[in-house]
Amino acid sequence: MLFKQQPLLTQKLFVLGSLAIGSVLYLVARVGTLDRLQPICPIERRLPPPEHEQIPLRTLQFKRGLLHELRKGNATKEQIRLHNLLQQLPQAIIIGVRKGGTRALLEMLNLHPAVVKASQEIHFFDNDQNYARGIEWYREKMPFSFPHQITIEKSPAYFITEEVPERIFKMNSSIKLLVIVREPTIRAVSDYTQVLEGKERKNKTYHKFEKLAVDSGTCEVNTKYKAVRTSIYTKHLERWLKYFPVDQFHIVDGDRLIADPLPELQLVERFLNLPSRISQYNLYFNATRGFYCLRFNIVFNKCLAGSKGRTHPEVDPSVVTKLQKFFHPFNQKFFQITGRAFNWP
Ligand code: A3P
């Protein structure tokens, strides 16, 4: 009897087991399908995340700009809509001066949570072809930002290009303008070093700095040489002052930005009406680079590229003195106009 009942019991257990496994499989499949077909909370109906959760923009923007991420497919259009992201025209521009430390200034300001930078130099106002593309082309070059953030771009050629002040004025007559300067002779040598490096990369020879900076016929400073002309800061600034009042400019000390960046950045924060947020934690001296580098958070640090902070060639001291004497009266005028004086020779 017992022998006859056992297969029946086994059969029953088998049927019950199959039913249980089948039900589990059905539920798993069903829930999975439901989840795919019908999101629990459709994205359009979700409220924007609380402010402390609005991190993705910042992390994405650190590296390459959200637009870039969007093009790569890393940020969806929904994310942009959900976070109310905009491409805003710049409310402040670093207009120059070339080799003054424009990249360092932009990158350091970008440490501020309310600042978003345009990563590339856009050359909208100094390049006729770009300018002819119109203001919407320019806007599309801007990174995405929250409405409360300010966008900053830098194109150092703006400072010395004739047409630029009028063009920027037409876009926004109350824009804030940042000019970063270094001691003019050092800046001229830095400018020369950059061009020299470009020539050497192409295996071309180039004149010595002394030959370019001093007219061999008259033995006077060669004002036709662009690296010298760019360092006559007051001449360029005077052109800008035909359009903008002097209080719309803030002069940054590029030499101090190298040696001790924080106080300079705090002055810029104040000029831009931003709460003071950049701290010493964000800036650390890297002995190998010989410069301050940037610390965004515990995992993300960066130094500027090797093209920033080149070794300058040695320049004949008599040429250095000649240039310093030449720049002196222009510097005095620059100090007088801007209300900011530097300890230049
Ligand atoms: P040198 O290469 O002559 O040293 P720009 O960005 O306008 O081209 O300016 C380049 C200059 O920025 C460099 O000139 C460098 O001295 C200066 N600079 C300022 N702060 C820097 C930093 N933290 N790292 C690297 N370079 C910095």
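How do the residues of the shell around the ligand divide into nonpolar, polar and charged? They split into 7 nonpolar, 6 polar and 5 charged. Keep in mind that this is a predicted model.

Let's stay with the ligand. It is surrounded by 18 residues. The closest are Thr-102, Arg-103, Ala-104, Ser-190 and Phe-291. Where does the shell come from? At least two residues each are supplied by helix H5 (102-109), helix H9 (184-201), helix H13 (254-259) and strand S9. H5 gives the largest share, with 3 residues.

Next, Lys-99. The UniProt annotation "active site", from an unreviewed entry, covers this residue. Look for Lys-99 in the loop between strand S2 (92-96) and H5. Is Lys-99 buried or exposed? Lys-99 counts as buried, because it has 26 C-beta neighbours inside 10 Å, and the cut-off for buried is 20 or more. Leaving aside residues up to four places away in sequence, Lys-99 touches Arg-187, Ser-190, Asp-191 and Gln-194. We met Ser-190 already, among the residues closest to the ligand.

Now to S9. Strand S8 (residues 283-286) pairs with S9 (residues 291-295) in the antiparallel sense, over 4 bridges. Tyr-284 stands opposite Cys-293 in S9. The two strands form a hairpin, with 4 residues between them. In that turn, Gly-290 has a positive phi of about 80°.

Last, confidence. The chain averages a pLDDT of 86, and 81% of the residues score at least 70. Over residues 26-64, though, pLDDT stays under 50. For that stretch the model has 24 contacts beyond four places in sequence. Where pLDDT is low, the predicted coordinates should not be read in detail.

Technical notes
Residues are numbered from 1 along each chain as its sequence is written. This is a predicted model: local features need pLDDT of at least 70, side-chain atom pairs count only at pLDDT 80 or more; totals for chains, interfaces and linings use all residues. Two strands pair if DSSP finds at least two bridges between them. A residue is near a molecule or strand if its C-beta atom, placed from the backbone, lies within 6 Å of it. Ala, Val, Leu, Ile, Met, Phe, Trp, Tyr, Cys and Pro count as nonpolar, Asp, Glu, Lys and Arg as charged, and the others, Gly among them, as polar. pLDDT is the predictor's confidence in each residue, from 0 to 100. Two residues are in contact if their C-beta atoms, placed from the backbone, lie within 7 Å. UniProt positions are given in the numbering used here, feature names are shortened, and annotations may be inferred rather than shown by experiment. A residue is buried if 20 or more other C-beta atoms lie within 10 Å of its own, exposed if 12 or fewer, and partly exposed in between; C-beta atoms are placed from the backbone.
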